Each structure stands twice: as C-alpha cells, then as structure tokens.
Amino acid sequence: RAREGDKATRYSERSAMSKGNTSHVLFEDIFDVKDIDPDGKKFDKVSRIVGRSHDFEMDMLLDVNTNIYNIEVGEKLTVALARTIHLDGSANSGLMEEYDGPTLMDKYEYVMHGKIFRFEEADGPTMQVAMYVSFGGLLMMLKGDPKHLHDMDLDANVFLLMRKVPT
C-alpha cells in the first residue's frame with residue numbers, strides 16, 4: 001500500500017511535477033487477453049479481463065461492459081490512455097459534449113472516461129508500480145515498470161480507448 005514517503009508515493013509526486021510532456025496520448029500498447037473473470041463472474045453485464053502487453057510488458061486488469069463490447073480470451077486489444085480526445089490536444093471541458101469534428105474516439109471501438117485514484121509499489125523482482133483508474137465504478141489496474149507510467153498524474157482525468165487488433 002502507498003504510504004507517505006514510500007517509493008510509490010514519491011513516484012506519483014515526481015509524476016505530478018513532470019509537466020514537460022504535451023502529448024495527449026499518455027500510454028498505448030497491444031494487450032493479449034489472457035483470462036476473463038479469473039475470480040468468477042460478479043456482474044451480469046461486466047467482465048474483468050486480464051491482459052499482458054507486448055511492448056512494455058505491463059499487466060492489466062480491466063472491467064469492461066460486455067453488454068456493449070464483447071471480449072474473448074486470446075484476442076488482442078490496442079489500449080490507450082489519453083488526457084483528451086481532441087486531436088489537437090486541447091483540453092476537454094469535463095462535461096458531456098457533442099463533437100463536430102474528428103476525435104481520438106474515431107480510431108477506437110470502446111471508450112471510457114475516468115480518474116486515476118491510486119499509485120502503489122507492486123511486488124516483483126524489479127521496481128514496479130501499479131496504477132488504479134476508476135471509470136464510473138469500472139476499474140483498471142495497470143502494473144509494470146514506472147517509466148511507462150511517468151506521464152500519469154494522481155487525480156488526473158483520463159480517457160481509456162480500446163479496439164480489437166484484427167487477426
């Protein structure tokens with residue numbers, strides 16, 4: 001658990017201070033779906049997917065509304081986290097908006113908006129950080145090398161954008 005003064009807390013404080021990156025896409029990788037609902041099905045319309053990324057070797061747990069977006073074990077998903085959906089990088093108002101022009105959403109099949117609510121040091125042979133995001137009660141845990149999460153800020157609003165990789 002993150003405590004005042006431990007590595008995960010110091011990591012998140014450093015991350016909050018690094019404002020040099022102006023890119024609105026904070027993270028993107030392809031994940032292999034390794035398992036679905038490993039602890040059993042908890043809700044009728046939601047499944048928890050377990051994934052492992054190709055390039056950054058990150059582990060992910062992600063709750064997905066399977067009533068509108070069905071996922072199966074063995075599929076590959078491109079998952080991105082972004083500050084904004086505007087292609088020019090301009091900030092979102094924080095309110096539900098209709099968009100006249102193209103957005104990042106046009107490149108993906110499933111989009112959620114949420115808030116980063118926790119960082120903690122994760123167990124492992126090397127330094128790892130777990131980041132937690134809530135999308136209105138649907139949760140995400142992304143764990144791995146902190147260098148791949150350095151642009152993430154505690155309490156930041158983010159968009160999760162996802163699409164299936166054609167086989």
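## A tour of the barrel

Begin by selecting V33, a residue that stands opposite G51 in β2. The model on your screen is a predicted one, and this pair is a convenient place to enter it. Strand β1 covers residues 25-36, and strand β2 covers residues 46-53. If you colour these two strands, you will see that they run antiparallel and are joined by five bridges.

**The other side of β1**

Keep β1 selected and add strand β4, residues 76-82, which is joined to β1 by seven bridges, again with the two strands running antiparallel. To find one position in this pairing, select F27, which stands opposite L81 in β4. Strands of a sheet pair through backbone hydrogen bonds, in a parallel or an antiparallel manner, and showing the backbone may therefore help at this stop.

**The whole ring**

Now show the chain as a cartoon and look at its overall plan, which consists of one helix and eight strands. Following the sequence from its start, you meet the elements in the pattern α-β-β-β-β-β-β-β-β. What do the eight strands form? They make a closed barrel, with antiparallel pairing, in the order β1-β2-β3-β7-β6-β5-β8-β4. On average, neighbouring strands of this sheet are turned by 35° against each other, when direction is ignored.

With the full chain still displayed, a few overall values can be kept in mind. The chain has 167 residues, of which 41% count as buried, and it exposes about 9500 Å², with carbon and sulfur atoms supplying 49% of that area. When contacts between residues at least 6 apart in sequence are considered, 61% of them join residues at least 24 apart.

**Strand β7 and its two partners**

Select residues 138-144 next, which make up strand β7, a mostly covered strand in which five of the seven residues are buried. On one pairing, β7 meets strand β3, residues 59-65, to which it is joined by four bridges, with the strands running antiparallel. Two of the residue pairs here can be picked out one after the other: the bridge partner of L61 is M141 in β7, and the bridge partner of L62 is M140 in β7. In a regular strand the side chains alternate between the two faces of the sheet, so it is worth turning the view as you step from one residue to the next.

The other pairing to display is with strand β6, residues 128-135, where seven bridges hold the antiparallel arrangement with β7. Within it, A130 stands opposite K143 in β7. Follow β6 to its connection with β7, where the two strands form a hairpin with two residues between them, and select G136 in the turn, which has a positive phi of about 60°.

**Q128, in β6**

Stay on strand β6 and select Q128. Is this residue buried or exposed? Its relative accessibility is 16%, and because buried means under 20%, Q128 counts as buried. Apart from residues up to four places away in sequence, Q128 touches E120, E121, A122, D123, K143, G144 and P146; among these is K143, which you have already seen opposite A130.

**T84, in a loop**

Move on to T84, which lies in the loop between β4 and β5, the latter covering residues 110-122. T84 is buried, because its relative accessible area is 2%, against a limit of 20%. Once neighbours within four places in sequence are set aside, T84 is in contact with H24, G89, S90, A91, N92, L104 and F159. Draw a distance from T84 to L104: these two are 20 residues apart in sequence, and their C-alpha atoms are 8.2 Å apart in space.

**Two loop residues with positive phi**

Two further loop residues deserve a stop for their backbone. The first one to select is E57, in the loop between β2 and β3, where phi is near 50°, a positive value in a residue other than glycine. Then go to D155, in the loop between β7 and β8, with β8 spanning residues 157-164; D155 has a positive phi of about 70° although it is not a glycine.

**The second largest pocket**

End with a surface view and select D37, P38, D39, G40, K42, F43, V46, S47, R48, D63, G137 and L138, the residues that line the second largest pocket. The volume of this pocket is about 160 Å³. Which strand gives the largest share of its lining? That share, three residues, comes from β2, the strand in which G51 stands opposite V33.

Note on methods: Residues are numbered from 1 along each chain as its sequence is written. This is a predicted model: local features need pLDDT of at least 70, side-chain atom pairs count only at pLDDT 80 or more; totals for chains, interfaces and linings use all residues. Side-chain values use heavy atoms; hydrogens and water are left out. Buried means under 20% relative accessible area, exposed over 50%, partly exposed in between (1.4 Å probe, protein chains only). Two strands pair if DSSP finds at least two bridges between them. Contact means heavy atoms within 4.5 Å. Accessible areas come from the Shrake-Rupley method with a 1.4 Å probe; for residues, only the protein chains shown count as cover. Axes are lines fitted to C-alpha atoms, for helices over the stretch in contact, and angles run from 0 to 180 degrees between N-to-C directions. On a 1 Å grid over the protein atoms alone, a cavity is a set of points where a 1.4 Å probe fits but cannot get out, and a pocket is an open set with protein on both sides within 12 Å along at least five of seven lines; lining residues have an atom within 4 Å of a point. Grid points are joined across faces, edges and corners, and a volume is the space filled by probe spheres set on the points.
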